[in-house]
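Student: I would like to go through this structure and ask how each label is earned.
Tutor: Go ahead; the value comes first, then the cut-off.

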Amino acid sequence: MCGIVNCNINGIVKTFPVIYGSLNEKAINISTLREQTGYITFDPGFKNTSIAKSSISFVDGEKGILLYRGYPIEEIIQKCTFLKTSYLLLNGELPNEKQLHNFSYMINQVNISNNNTKILQIFEKYPINTHPMGILSSLSSILEFMQEENNNNIFIHLLAKFPILAALIYRKKHGLSPVNYDNTLYYTSNIVNMFFATNNDKPNYIIVDALDKLLILHADHEQNCSTTTVRLLSSAHVSLYASIAAGISALWGRLHGGANEAVIEMLENILHNGGNIKKWIEKAKNKKDPFRLMGFGHRIYKNFDPRAIIIKQVAENIMKKLKFNNPILQLAKELEEVAINDSYFIEKKLYPNIDFYSGIIYQAIGIPKDMFTVMFALGRLPGWIAHWKEMRLNQEPLVRPRQIYVGYKKRNIL
Ligand code: CMC
């Protein structure tokens, strides 16, 4: 489909082509606007700007739809594992049995053939109070220089190494010695095993299942802040490793992935201060108060976040199955109920997002607060890689926005 729009700029009509997406999104291609008219566009936060054409995931914020390569998230969560989902995101199609087996085999090969001595040596240099996201980001960059000669698949190398880095960070911080990667275990079982194994006990299936679902839900979300960061670096032909390191830093922000940590801190704070939900809702509504209801609101979802609906069920299931009695889940449910019925939140279309319940699941699993965003990064990795790859394959140009300069006019040093 093709089309045009006519724009009347200062009495002169100019024509611009319209680009259509496969699910009816329409964009005006303004790449010749400045050339034709002398004007540029102004769109802080890129609230209304599409940065590229992409075929990886699709979000309809009004209808609460999320698709990975065309498949609804509700179906993926029921029929796919995280590894299968990763393959889908990276390669565009679901794998058959043999392809999935090879994918898993290649990951195992990296982790069997590589030893982690070099990583551990570097690891020793970090002060113990370094935030796990800072460590993960810098180690991701360094990984580039730790590739074995026989391993030239950088995508597989990163997917293989990320769980090891995450587990090392967790265990080191807790004074525990590393647990080896076990090539007989599934990807997410390995994560659980490398985090928590004490003796030769098998990873708890309930935990593996809940974590696998969380990883799937986090795997991609089109042009979010960290993915855009990765794409931006890819456009400058920065290596995959350094681009992922930048993506991790972007994810760390409290308005983005860091919200999962902020949600639990907020809930603990509310509980600690007597649990008066109404008081905190009023604080969130008060423009003079910097407090925001963490885990609420989303740039794109203005109706409901389909991931939040799934995650709430996962949270309830895991609490029940593990007989984990945490007053925080009850508080979160009450807070949600009050907020979604409050006119401020209704008018501003603020609903619970993915981060509202994810921290509760991590807590039930036994993952400490400062590791929550690391878990998010583990899930988002295949999405970041897919976007980095897409930028390069589509030969997208260097991302370099313009600005409206509002500083001094030209002046001289007196
Ligand atoms: N609590 C109270 N008020 C809010 C909230 C909130 N959580 N979120 C937005 N608002 C208000 C905001 O004050 C503004 O009011 P006004 O129009 O009167 O100035 C209005 O709603 C629009 O907010 P915005 O910040 O302009 O909207 P945005 O699309 O730029 O922000 C957001 C999206 C996610 C940054 C924001 O909703 C927020 O800060 N939420 C809390 C942090 C959070 O949960 N982040 C996780 C996002 S989802 C996962 C991810 O991306 O990683």
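**Labels and their cut-offs**

Tutor: This is a predicted model. In it, a polar side-chain atom of K348 is 2.8 Å from an oxygen atom of the ligand.

Student: What makes the pair formed by K348 and the ligand a polar contact?
Tutor: The cut-off is 3.5 Å between N or O atoms. The K348 distance is 2.8 Å, so the pair counts. K287, at 3.0 Å from a ligand oxygen, also has a polar side-chain atom there, and for R299 the distance from a side-chain N or O atom to a ligand oxygen is 2.9 Å.

Student: How much of the ligand does the protein bury?
Tutor: The ligand taken alone exposes 930 Å², of which 79% is buried by the protein.

Student: Why is M266 called buried?
Tutor: Its relative accessible area is 5%. Buried means under 20%, so M266 qualifies. M266 lies in helix α12, and its contacts beyond four places in sequence include F291, R292 and L293. R292 and L293 are also among the residues that come nearest to the ligand.

Student: E261 is in helix α12 too. Why does E261 have no salt bridge?
Tutor: The nearest side chain of opposite charge, R254, is 4.1 Å away. A salt bridge has to be within 4 Å, so E261 and R254 do not form one.

Student: Which side chain does E261 join through a polar contact?
Tutor: That of H131, at 3.3 Å. The limit is 3.5 Å, so this pair counts as a polar contact.

Terms used:
Residues numbered from 1 in each chain as written. Predicted model: local features only at pLDDT ≥ 70, side-chain atom pairs only at ≥ 80, totals over all residues. Heavy atoms only, no water. Helix = DSSP H or I, 4+ residues; strand = E, 2+ residues; numbered from the N terminus. Buried < 20%, exposed > 50% of the residue type's maximum accessible area, 1.4 Å probe, protein only. Lys, Arg positive; Asp, Glu negative; His and termini not counted. Polar contact = N/O pair within 3.5 Å; in protein donor to acceptor, adjacent residues only side chain to side chain. Near = heavy atom within 4 Å. Areas by Shrake-Rupley, 256 points an atom, 1.4 Å probe, with all protein chains shown as cover. Contact = heavy atoms within 4.5 Å.
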